[in-house]
Amino acid sequence: MFYPLAGKLVPWFAVSSAILFAVGMYLGFFVAPTDATQGEFYRIIYIHVPASILSMFLYLVMAGYAALGLIFNTRLSSMMASALAPTGALFAFIALWTGALWGKPMWGTWWVWDARLTSELILLFLYLGFISLHASIDDPRRADRASALLAIVGSVNVPIIYFSVKWWNTLHQGSTIKFTGTSMQVTMQHAMFTMLAACWLYAVAVVLSRVRSIILERERHTKWVAELPEVAL
Amino acid sequence: MLEVSNLACSRGDHRLFSGLGFALSPGQIMQVQGENGSGKTSLLRTLCGFIQPDEGRIAWEGKDVGELAEAYFSRVLYLGHLNAIKDELSALENLKISAAVSGMELGESAAISALRRMGLKGRERLPVKVLSQGQRRRAALARLLVSDAALWILDEPLAALDVNAVSLIEELFGEHLARQGMVIFTTHQPLLVAGAETICLSLSAP
Amino acid sequence: MNKILWLFFVVVRRDLILAMRRRADVLTTLIFFVMVVSLFPLGVGPEPEMLRKMAPGVLWVSALLASMLSLGRLFSADHLDGTLEQMLLAPQPLSVVVLGKMVAHWMVSGLPLVLMTPVLGLQFDMPLEAVGVLMLSLLLGTPVLSMIGAIGAALTLGLRGGGVLLSLLVLPLCIPVLIFGTGAVGAATSGMGFSSHLSLLGALLVLAVAFTPWVAAQALRISME
């Protein structure tokens, strides 16, 4: 059964994520050199970039699980999809927030209608749509299947949206921003990858523990749940 | 020939029935019995393919209904609790459109004579919203007269009908069975079809 | 093939007849569109230069909102009186029925907006050519809105607060249409070629025709369970 296995794995992922966070933060904020053009402010990318990468990646993973659940009618994959959504939305939100914090000192404004930030915002909307559709359907099976279909439609649409936003951005010429300086120093890269791995592990830990509670909720009438030590209390 | 084996169905957490099996051959009629909430409507909707069963198989002439899809749908006539008629349209328009959606072109005169037989003479062209509940049910049931479907699945067909209409429905069932049709229905009223024995399927709450 | 076409036309004709019997609903959408468009100058001020620049965006966003408004009724009325169940039992693929309903919905709620555009364009002092391009872009784009919207309408069928949820689901998916639609007008007014925008819109329309009926049909089956 998946439930106890996930229960054993969660602490490991959580602890290693915490360690990597600490290391990554240290590398990023104390070891990595100050950027020549952007000064100290650039250091926020150690949070911004991993968060935005994960937010996009998690959407695809979520859509993949949703598709599996829809096609093969496996309930665990549907539960995984609904467990992934809040974490993905959180990362999208963090990416937007840090993007704004980065934008203020860099371009003097909290928000620029840059292609990447705009796409990130739309991605957040897609996550919110998925979560609210799932939340407003009472029947769990219909909720799973309906939101799975939405996730698939969304993931097919994401490239079209990204392309159109990019195109819109170049047309309006408002703010073309070059991310990432010409070459990243090795320590910067290390810090970045450490943070990415930390976020990744964090996502796994959180999603696993969330899927555990979803399983408990869905299976609350079954015998094995009633016999669990933590429930029997 | 409709064969159902080991069928299980649930709504939310609640298991309605499981291990249900029966077979219905041409010329047979079956009444689904059970208390309120025992899953009669869910069973009928599952037989129509609206609900995917949790377990089990529904086969039409030996083939799985899910694979047959549209080929099976064209053999089924379903009438649920709702009348499936539009208030804005007249009984005549409703009948013609629902026949068209089920793949049949229905002539004006055939439609009018069907409605007259259902006792709606002189009301064929009135918007349905001015008719009474019983008359609406009659307008909905007029589909039985014009359909060429082999399997009728009727959920409470007698609701809101008066005595005359009930005997008319009994008559229609008899004609359909004589044509080697099949009927599955639910009702809380007595319904007797002359010359045919009604099979009873009881759903009891688990 | 003939039977499929026949079912398609039956559904379109049926929905158009129903819409004609309930003309008030059609008019409400159109009036909403006109009102939202007319509110913008009151909100941002009457400078003709700015209004001219804003016009395509304003009209497009208003068309988007207006079509969201009417989408709630696309399947729900048929769901409530049981006719939708009958359509699920149609002997042809459900996507044909859905496509028919999409087309009828567009003819009732999208086409009137396109026809209304010239009048509103005058309100915003748009040049004649720009009005023409705007109409073309709306003509290509509003069917896509109806089609994507139908997926949302099918997914939110029978839910509490379905209308708001519907917009939440559908609006992000409509962004490309909005971008290419307004982009075409922008390109036309700045003297650049607008054909690439319109052909992209056309491509979106083709994609939508190819896939959305099937997806919406699946969504309907899920929601009708």
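How many bridges pair strand β1 (residues 2-11) of chain B with β2(B), and in which sense, parallel or antiparallel? The two strands pair in the antiparallel sense, over seven bridges. This result comes from a predicted model, which scores ipTM 0.88 and pTM 0.88. The confidence of the individual chains is a helpful place to start before returning to that pair of strands.

Chain C averages a pLDDT of 90, and 100% of its residues score at least 70. For chain A the average is 81, with 88% of the residues at 70 or above. Within chain A, helix α4 (residues 115-136) has the highest confidence, at 90, while helix α8 (residues 229-232) has the lowest, at a mean of 67. A further stretch of chain A calls for some care: over residues 173-182 the pLDDT stays under 50, and the model has 12 contacts beyond four places in sequence for these residues. Where pLDDT is low, the predicted coordinates should not be read in detail.

In chain B, the pair formed by β1(B) and β2(B) belongs to an open sheet of four strands, in the order β2-β1-β4-β5, with antiparallel pairing. The edges of this sheet are β2 (14-24) and β5 (63-64) of chain B; each has a single partner strand, so one side of each is left without a neighbour in the sheet. Across the β1(B)-β2(B) pair, S10(B) stands opposite R15(B) of β2(B). The hairpin that joins these two strands has two residues between them, and G12(B) in this hairpin takes a positive phi near 60°.

Parallel pairing is found in chain B too, around strand β3 (residues 29-34). Strand β3(B) pairs in the parallel sense with strand β8 (residues 182-186) of chain B over three bridges, and M30(B) stands opposite I184(B) in β8(B). A second parallel partner of β3(B) is strand β9 (residues 198-203) of chain B, with six bridges. Here G34(B) has L203(B) in β9(B) as its bridge partner.

Turning to the interfaces, chain C and chain B bury about 2,600 Å² between them, and 60% of this area lies on carbon and sulfur atoms. Three residues, W6(C), L89(C) and E225(C), supply 26% of the area that chain C buries against chain B, more than any other three residues. The contact involves 29 residues of chain C and 28 residues of chain B.

Charged and polar pairs also cross between chain C and chain B. There are five salt bridges and 12 residue pairs in polar contact, both residues being at pLDDT 80 or more. On the side of chain C that touches chain B, the elements giving two or more residues are α1 (2-21), α4 (73-81) and α5 (83-88) of chain C. Helix α1(C) gives the most, with eight residues. By class, this side of chain C divides into 15 nonpolar, five polar and nine charged residues.

Two of the salt bridges can be described in atomic terms. D81(C) forms a salt bridge with K86(B), in which the closest N and O atoms are 2.9 Å apart. For the salt bridge of E85(C) with R45(B), the closest N and O atoms are 2.1 Å apart. This pair runs from helix α5 of chain C to helix α1 (residues 40-47) of chain B. Over all chains, the count comes to 27 salt bridges.

The interface of chain B and chain A buries about 380 Å², with 32% of that area from carbon and sulfur atoms. In chain B, G12(B), D13(B) and Q52(B) lose the most area to chain A, together 82% of what that side buries. G12(B) is thus a shared point of the account, as the residue with positive phi in the β1(B)-β2(B) hairpin and as one of the residues that lose the most area to chain A. The contact takes five residues from chain B and six residues from chain A.

Between chain B and chain A there is one salt bridge, formed by D54(B) and R141(A), whose closest N and O atoms are 3.6 Å apart. One residue pair is in polar contact across this interface, both residues being at pLDDT 80 or more. The side of chain B that touches chain A has one nonpolar, two polar and two charged residues.

Definitions and conventions
Residues are numbered from 1 along each chain as its sequence is written. Chains are lettered from A and ligands numbered from 1 in the order in which they are written. This is a predicted model: local features need pLDDT of at least 70, side-chain atom pairs count only at pLDDT 80 or more; totals for chains, interfaces and linings use all residues. Side-chain values use heavy atoms; hydrogens and water are left out. Contact means heavy atoms within 4.5 Å. Buried area is the accessible area (1.4 Å probe) that two parts lose on being put together, summed over both. A salt bridge is a side-chain nitrogen of Lys or Arg within 4 Å of a carboxyl oxygen of Asp or Glu. A polar contact is a pair of N or O atoms within 3.5 Å; within protein, one must be able to donate a hydrogen and the other to accept it, and residues adjacent in sequence count only if both atoms are side-chain atoms. Ala, Val, Leu, Ile, Met, Phe, Trp, Tyr, Cys and Pro count as nonpolar, Asp, Glu, Lys and Arg as charged, and the others, Gly among them, as polar. pLDDT is the predictor's confidence in each residue, from 0 to 100. Two strands pair if DSSP finds at least two bridges between them.
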